[in-house]
Amino acid sequence: MSIDSRVHIVTTEMHSGGEPLRIIESGYPEIVGATILDKRRYLHQRLDHLRRFLMHEPRGHYDMYGAILVAPEDPAAADVGVLFLNNDGYSTMCGHAVIALGRYLVDSGRLRLSRVTEPETPVSIQCPCGVVRAFVEYSNGKTGRVRFHSVPAFAFALDEVVDVDGIGRVTVDVGYGGTFYAIVNDKQLNVDVRKSTTRVLIEAATAVSEAVRKQVKLFHPDSDDLAFLYGTIITDGQDSYSADNSTFNLTIFANREVDRAPTGSGVTARIAVQYAKKLIGLNQRRKFQSGANDSEFTGMAIGETKCGGRFDAVVVEVSGSGFYTGRATFTAEDEDRLKDGFLLK
């Protein structure tokens, strides 16, 4: 389907850790579905032209990211639902978006005034992976840092050996933090997560993702819609707990998209894997920094749980800061042959 000149979409623009978030406020058609995953499928099947319109150039770029607020399945369990957009489709969890949305939901008045409390305001956000509990710092009328509690996060595979084209045999962990990631240290790939060029890191991570997708069959007990590999996290290999030193990583997800932030769902997945390997304990807070720009999130496992009665899991608390960068109105002209959007590869 092609865009026509009647389109008029209004957004608020934010970022967390340098990773953009385009919050779509108005202009989308009704998103139909009984469940949040039904609505995610509806976006893909019926409204994907609007994702390309907003995420791709000339309005977006290869690494653009977006969010659409929808009604939650159960208003007693969540204040709002959210669907996430990227360069290739629709993800099931996004930590940097939850951090930014926490501030936005309080500041925009989406919560009743009686719900806004100091020193923190709780916000429950239904993501496609489940309900995520966020806590927004609030003092003297201003919002600040945000922390959130993840859905059950777990190690799906530890020390899995895969054959990676152009590299050879590589040992990876596969962790779930609302979506699945392959996790690999940079030394195995002959790269440096802090010093290698972005292009080199993209090529290495993409090769790992392709190998894991072919050689590791994923499963999630809640829904087949969650059983896909979202991307690869290249780390510095510093997996053992340290209160003083940060660990660095860079995440390549979707269609070779680069996360500027430390990746909130990736921090969740890394903590789950570290906990499964007994490299970190409960309530041991760690710093995670982005190999792209040194931005920082923190993460810690705060409790043990189960996922679907099958996987030993933890709830992970991730914290970070989101910031406003502007507002925008997006339109199109019928004569513009590039109005539907394009990507430079």
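# Strand β14 and its surroundings

Reader: Which side chain does Ser-290 make a polar contact with?
Author: The side chain of Ser-290 makes a polar contact with the side chain of Asn-293, at 3.5 Å. A polar contact is a pair of N or O atoms within 3.5 Å; within protein, one must be able to donate a hydrogen and the other to accept it, and residues adjacent in sequence count only if both atoms are side-chain atoms.

Reader: What kind of model is this, and how is it numbered?
Author: This is a predicted model, where local features need pLDDT of at least 70, side-chain atom pairs count only at pLDDT 80 or more, and totals for chains, interfaces and linings use all residues. Residues are numbered from 1 along each chain as its sequence is written, and side-chain values use heavy atoms, with hydrogens and water left out.

Reader: Where is Ser-290 found, and is it buried or exposed?
Author: Ser-290 is in strand β14. Its relative accessible area is 0%, so Ser-290 is buried. Buried means under 20% relative accessible area, exposed over 50%, and partly exposed in between, with a 1.4 Å probe and protein chains only. Helices (H or I, at least four residues) and strands (E, at least two) are DSSP runs, numbered from the N terminus.

Reader: What does Ser-290 touch?
Author: Leaving out residues up to four places away in sequence, Ser-290 touches Phe-248, Asn-249, Leu-250, Asp-259, Arg-260, Ala-261, Pro-262 and Ser-295. Contact means heavy atoms within 4.5 Å.

Reader: And how many residues of β14 are buried?
Author: Strand β14 covers residues 286–290, and 4 of the 5 are buried, so the strand is largely enclosed by the rest of the structure.

Reader: In which sense does β12 pair with β14?
Author: Strand β12 (residues 247–253) pairs with β14 in the parallel sense, over 3 bridges. Two strands pair if DSSP finds at least two bridges between them. Asn-249 stands opposite Ser-290 in β14.

Reader: Does β15 run parallel or antiparallel to β14?
Author: Strand β15 (residues 296–307) runs antiparallel to β14, and 4 bridges join them. Phe-288 stands opposite Phe-297 in β15. The two strands form a hairpin with 5 residues between them, and Asp-294 in the turn has a positive phi of about 70°.

Reader: Which residues in the loop between α5 and β14 have a positive phi?
Author: Lys-278 and Asn-283 are both in that loop. Lys-278 is not a glycine, yet its phi is positive, about 60°. Asn-283, also not a glycine, has a positive phi of about 60°. Most residues other than glycine have a negative phi, and most peptide bonds are trans.

Reader: Buried or exposed, those two?
Author: Lys-278 is exposed, with a relative accessible area of 75%. Asn-283 is exposed as well, at 52%.

Reader: Switching to α5. What should its 13 residues span?
Author: At 1.5 Å a residue, the 13 residues of helix α5 (residues 264–276) should span 18 Å, and the end C-alpha atoms are 19 Å apart, which agrees. The expected span is 1.5 Å times one less than the number of residues. Helix α5 is mostly covered, with 12 of its 13 residues buried. Among the buried ones are Gly-264, Arg-270 and Tyr-275.

Reader: Last topic: where are the cis peptide bonds at Pro-58 and Pro-119?
Author: The bond from Glu-57 to Pro-58 is cis, with omega near 5°. Pro-58 lies in the loop between α2 (48–55) and β3 (66–70). Glu-118 and Pro-119 are also joined by a cis peptide bond, with omega about 0°. Pro-119 is in the loop between α3 (95–107) and β5 (120–127).
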